[in-house]
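Trainee: Could we go through this model together, one piece at a time? I'd like to practise reading it.
Mentor: Gladly; ask away as soon as it is on the screen.

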Amino acid sequence: AGGGSMALPPRTRARPTNGRGDADGGERKPRSVKFACTMEKSAPHRVLAARGWREVDDDSWDVMWADTAWVHDNVTYNVTTQPQRLRENQRVNHFPNHVELTRKDLLAKNVKRAKRQAEKDGTDPSEFDFIPKTYALPGEGQMLLRDFREKGGTWIMKPIGRAQGTGIFLVNKAKQIEDWLKKRGTEVAENKLSDDYVCQRYVDDPYLVDDRKFDMRIYVLCLSYQPLKVYLYREGFARFANTPYSTAKSDLKNQYIHLTNHAIQKRDVDYDPEVDDLKMPIRDLYAHILSKHGQEAADRCFAGIHSVIINALRSVQQVMINDRHCYELYGYDVMIDENLRPWLIEVNASPSMSSDSQTDADLKAALLDDTFTALDAEEMFEGRTPPRVGGFDLACDDNALTRTAEWGGLPTLLGADNSDRLEALERLRRWCAKGKAGEERAKARGAELVVATGMPPVVHW
């Protein structure tokens with residue numbers, strides 16, 4: 001889909017072609033993998049096939065890439081469903097109640113609850129101050145009106161279950177909210193289909209680049225909630241509005257100023273993808289902030305983004321059904337304000353894998369390939385957790401934040417160089433070839449050298 005053709009990744013799986021063999025002297029072989037996909041001819045389908053895995057149309061699959069409707073119908077959600085019984089080795093790409101994180105009203109509810117719990121536990125509640133003040137409508141409509149009459153300002157209305165900017169609008173008068181609540185009540189009374197909404201305080205002081213507003217799309221792979229195991233992808237991109245930012249009341253309805261969704265911006269008559277595709281690699285955004293504000297400010301901003309990502313997952317950790325068959329590749333949408341403070345706008349359970357440029361296509365092909373490698377469907381990791389899988393860096397393992405020597409002094413590897421992705425996958429291949437026993441022997445030898453020489457320990461990754 002889109003103007004960019006999906007560049008299929010080379011065979012980058014962690015397959016040991018030499019190195020230590022099994023106890024019988026033979027080489028360890030990756031297990032054969034079968035896959036299924038509910039979206040034929042999609043980018044995930046093409047990448048799954050390019051890995052050499054075999055597609056099946058029955059229930060014998062090992063890895064499933066499915067739409068959320070399939071997961072709701074086939075993976076345990078509540079006692080009224082009759083779920084498909086998944087085998088030990090089967091993995092599917094959504095948690096049963098992923099909406100606790102990916103639906104706007106439930107995300108707000110869970111973050112508020114996590115903040116209250118932190119206050120009770122005596123931990124820092126400010127760790128959960130990363131979403132703008134939010135009200136769920138129509139239920140909290142009167143609370144919103146009281147807040148609005150006291151403090152005023154500009155607020156943004158969003159339907160809880162839609163994507164790509166559909167149904168979003170800004171309000172700056174109490175009457176606009178009152179009219180919406182009245183209309184919503186009439187629709188319910190007449191049994192008309194209508195959306196529930198959230199209303200959030202609008203971040204009206206966004207950080208601008210070339211006078212334009214943007215948000216960031218960041219990719220996060222969650223392999224487990226109990227305990228929390230998370231990988232963060234190095235690459236992502238900022239998505240820009242096509243029109244310079246303005247807070248003028250006359251511009252309040254101009255979506256091309258206020259909404260950065262690419263699906264909306266492409267409709268602007270002034271949009272020309274040959275001139276500007278309205279995207280910037282996150283690595284380049286970091287470099288821009290670094291050049292304008294210095295190392296300390298840039299690192300503080302990106303450290304804040306890293307914390308937002310992990311703490312959003314922590315906020316739903318206790319309510320998420322941690323089905324061990326499930327994994328999820330999330331698309332985080334994050335904004336930063338003029339003070340370089342990050343704000344979480346939403347989390348997408350099905351981030352778009354279509355592309356409208358070759359750069360976009362290449363990024364998503366590598367992202368998907370690395371996602372499928374991280375699942376270890378071929379059973380090459382021997383129960384171990386590699387700190388890097390292609391462009392993914394381990395950010396949290398067994399509920400603990402992680403970092404390796406590769407991080408250096410950086411607070412996060414979001415935006416770090418990923419040009420060595422294939423080299424990283426080759427290191428992963430060698431790590432698999434060495435095996436768990438070989439890794440333990442190497443660590444033991446390193447420890448002996450430390451004792452004998454007083455030198456720092458050898459980094460084996």
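Trainee: Is β8 largely enclosed by the rest of the structure or exposed?
Mentor: Keep in mind that this is a predicted model. A residue counts as buried when its relative accessible area is under 20%. Four of the five residues of β8 meet that mark, so the strand is largely enclosed by the rest of the structure.

Trainee: What is the order of the strands in the open sheet that holds β8?
Mentor: Start from β8 and look at its partners. Five bridges join it to β6, running antiparallel, and four bridges join it to β5, again antiparallel. The edge strands are β5 and β7 (169-171), each pairing on one side only. Read across, this open antiparallel sheet has the order β5-β8-β6-β7.

Trainee: Which residue of β8 stands opposite M157?
Mentor: Let's walk along the pairing residue by residue. On the β5 side, L137 has Y197 of β8 as its bridge partner. Elsewhere in β8, V198 stands opposite K158. For M157, the residue opposite is C199.

Trainee: Which strands does helix α6 touch as it packs on this sheet?
Mentor: Two helices are worth comparing here. Helix α5 (residues 141-151) lies across β5, β6 and β8, at about 140 degrees to β5. Helix α6 (residues 174-189) makes about 125 degrees with the direction of β7. The strands that α6 touches are β5, β6, β7 and β8.

Trainee: How far apart are the end C-alpha atoms of helix α4, and what span should we expect?
Mentor: Helix α4 covers residues 104-121, which is 18 residues. At 1.5 Å a residue, these should span 26 Å. The model agrees, because the end C-alpha atoms are 26 Å apart.

Trainee: Which elements do the buried residues of α4 pack against?
Mentor: First pick out the buried residues: K104, D105, L106, L107, A108, N110, V111, A114 and A118. A helix has 3.6 residues a turn, so residues three or four places apart point the same way. The buried residues of α4 pack against α3 (99-102), β5 (134-137), β6 (155-159), β8 (197-201), α10 (295-316) and β14 (342-348).

Trainee: Which residue takes a positive phi just after α4?
Mentor: Look at the position that follows the helix. The phi there is about 80 degrees, and the residue is G122.

Trainee: Which strands stand at the edges of the sheet that has the order β2-β1-β3-β4?
Mentor: This is an open sheet of four strands with parallel pairing. An edge strand has a single partner, so one side of it is left without a neighbour in the sheet. The strands at the edges are β2 (54-55) and β4 (91-92).

Trainee: What angle does helix α1 make with β1?
Mentor: Place the sheet first: β3 (residues 63-65) pairs with β4 in the parallel sense over two bridges, with V63 opposite R91. Helix α1 (residues 43-50) packs on this sheet and touches β1 (34-37), β2 and β3. Its direction and that of β1 make an angle of about 170 degrees.

Trainee: How many disulfides does the model have?
Mentor: The sulfur atoms of a disulfide must lie within 2.5 Å. Take C222, which is buried at a relative accessible area of 0%: the nearest cysteine sulfur, that of C396, is 8.7 Å away. C432 also counts as buried, at 0% relative accessibility. By the sulfur distance rule, the count of disulfides is zero.

Key: Residues numbered from 1 in each chain as written. Predicted model: local features only at pLDDT ≥ 70, side-chain atom pairs only at ≥ 80, totals over all residues. Heavy atoms only, no water. Pairing = 2+ DSSP bridges. Contact = heavy atoms within 4.5 Å. Axes fitted to C-alpha atoms, helices over the stretch in contact; angles between N-to-C directions. Expected span 1.5 Å × (residues − 1). Buried < 20%, exposed > 50% of the residue type's maximum accessible area, 1.4 Å probe, protein only.
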